[in-house]
Amino acid sequence: MDDFTFHWSEQTQQLYRLASASSIYQQFEPWLWQWQELAGQAPEDLQALDAILALEKLGGHKRQLPIAVIGPREATELEYQTAERLGYALAKAQLQLLCGGKNGVMEASAKGHLAGGGRPIGLIPETEWQQANPYISIPIASGIGKARNVLIAQACPVLIAVGGGYGTMSEMAFGLHFEKLILALGEAPQLPEVVYCADVDEVMHKLAEHLLTAML
C-alpha cells in the first residue's frame, strides 16, 4: 500500500481516496468505516497523507472500534515500555484501547493511552470493577474469569500482542479463529498468519492501513 493513498480536505473535513485503477474518488464514511462513491467532483484542496495521519485527521468523528492490546501480567521492563508507547500511539491516533484491565502489558498500555488523552477500557475477569489497574478509565467487571479473553478477541478487529506466554497465545489463537488481524511485538508467541513487527511505528502503520482498507 502506498504511503500517500489517502487525501484530506480541510474544506469539507473529510477523507478521500482514488478508487483502484481509476480516476474516480471515493469518500470515507467514518461512522460506518466504509468507502462510498463520491457524487460530483472531489474538493480542490486535497492533500495527500498516509494512513496514520488519515486516522488522526478523522479524529473523534469516526466510530470508536476497540483495538486490543494483549500480553503477560508479569511483563519485562522492555515489554512494559513498549506497551506504554503503543497505548500512547493509539490514543494519538484517536483509537479506542480495549485490554484485560489487569497488570503488566495491560497496565502499561492503559497508562500510555490515558496519558495520550484516551479513555482505556478494561474488561476484567473479576466481579468488582475496583480490581482494574489504576489507569483504566472504563472498567467492565465481567465476572467470567479467563473466558473474557474470548470476548476481547471477538470484539476487536485487530489484536496487538506484546510478548506473552500461553495465555497470550490463546488470545491470539481466538483472534485468528475469528479471522481478526493479529499484530505482534517482541517475544510474542509464534503462530502462523500472525504479522510480526519490529517496533510500535510498524504496528501503527499496519494497523492504520488495515482499518482503512483491508478490513472493509
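**Exercise 1. Place Ser142 in this predicted model and describe what surrounds Ser142.**

*Solution.* Start with the chain: Ser142 sits in the loop that runs between strand 9 (138–141) and helix 4 (148–155). Next, take the exposure. Ser142 has a relative accessibility of 22%, and buried would require under 20%, so Ser142 counts as partly exposed. Then list the contacts. With residues up to four places away in sequence left out, Ser142 touches Leu123, Ile124, Pro125, Glu126 and Arg148. One of these, Ile124, also offers its backbone oxygen, 2.7 Å from a polar atom of the Ser142 side chain. Finally, try a longer distance: Met106 is 36 residues from Ser142 along the chain, and their C-alpha atoms are 16 Å apart.

**Exercise 2. Find the salt bridges and say which parts of the chain they join.**

*Solution.* The count is two salt bridges, so let's take them in turn.

- Step one: Lys57 and Glu10 meet through their side chains, at 2.8 Å from N to O. Lys57 belongs to helix 1 (residues 51–58) and Glu10 to the loop between strand 1 and strand 2 (14–18), so this bridge ties together parts that are 47 residues apart in sequence. Lys57 is partly exposed at 37% relative accessible area, and Glu10 is partly exposed at 37%.
- Step two: Lys102 and Glu126 form a salt bridge at 3.0 Å, N to O. Here Lys102 comes from the loop between strand 7 (96–99) and helix 3 (105–115), while Glu126 comes from the loop between strand 8 (121–124) and strand 9, 24 residues apart. Both Lys102 and Glu126 are buried.

**Exercise 3. Lys180 is buried and has no salt bridge. Which backbone oxygens does its side chain reach?**

*Solution.* First, locate Lys180: the residue is in the loop between helix 5 (166–177) and strand 11 (181–185). Second, check for an opposite charge. The nearest such side chain is that of Glu179, 9.1 Å away, whereas a salt bridge needs the atoms within 4 Å. Third, look to the backbone. The Lys180 side chain reaches the backbone oxygen of Gln154 at 2.5 Å, and a polar atom of that side chain lies 3.2 Å from the backbone oxygen of Cys156. To complete the picture, contacts of Lys180 beyond four places in sequence include Ala153, Ala155, Pro157, Leu159 and Gly175.

**Exercise 4. Describe how Trp35 pairs with Phe6 and with Phe28.**

*Solution.* There are four aromatic pairs in total. For Phe6 and Trp35, the ring centres are 6.0 Å apart and the planes make 10 degrees, so the pair is stacked. Phe6 is in strand 1 (residues 6–9) and Trp35 in strand 4 (residues 34–37), so the pair ties together parts 29 residues apart in sequence. Phe6 is buried at 1% relative accessibility, and Trp35 is buried at 13%. For Phe28 and Trp35, the centres are 4.9 Å apart with planes at 55 degrees, so this pair is tilted. Both of its members are buried. Putting the rings together, Phe6, Phe28, Trp33 and Trp35 are linked into a cluster.

**Exercise 5. How many disulfides are there, and how far is Cys156 from Cys99 and Cys197, sulfur to sulfur?**

*Solution.* The count is zero. Cys99 has the sulfur of Cys156 as its nearest cysteine sulfur, at 9.9 Å. For Cys197, the closest cysteine sulfur is again in Cys156, 17 Å away and too far for a bond. As for exposure, Cys99 is buried at 0% relative accessible area, and Cys197 is buried at 9%.

Key:
Residues are numbered from 1 along each chain as its sequence is written. This is a predicted model: local features need pLDDT of at least 70, side-chain atom pairs count only at pLDDT 80 or more; totals for chains, interfaces and linings use all residues. Side-chain values use heavy atoms; hydrogens and water are left out. Helices (H or I, at least four residues) and strands (E, at least two) are DSSP runs, numbered from the N terminus. Buried means under 20% relative accessible area, exposed over 50%, partly exposed in between (1.4 Å probe, protein chains only). Lys and Arg count as positive and Asp and Glu as negative; His and the chain ends are not counted. A polar contact is a pair of N or O atoms within 3.5 Å; within protein, one must be able to donate a hydrogen and the other to accept it, and residues adjacent in sequence count only if both atoms are side-chain atoms. Contact means heavy atoms within 4.5 Å. A disulfide is a pair of cysteine sulfur atoms within 2.5 Å. Rings of Phe, Tyr and Trp (its six-membered ring) pair if their centres lie within 6.5 Å; planes under 30 degrees apart count as stacked, over 60 as edge-to-face and the rest as tilted.
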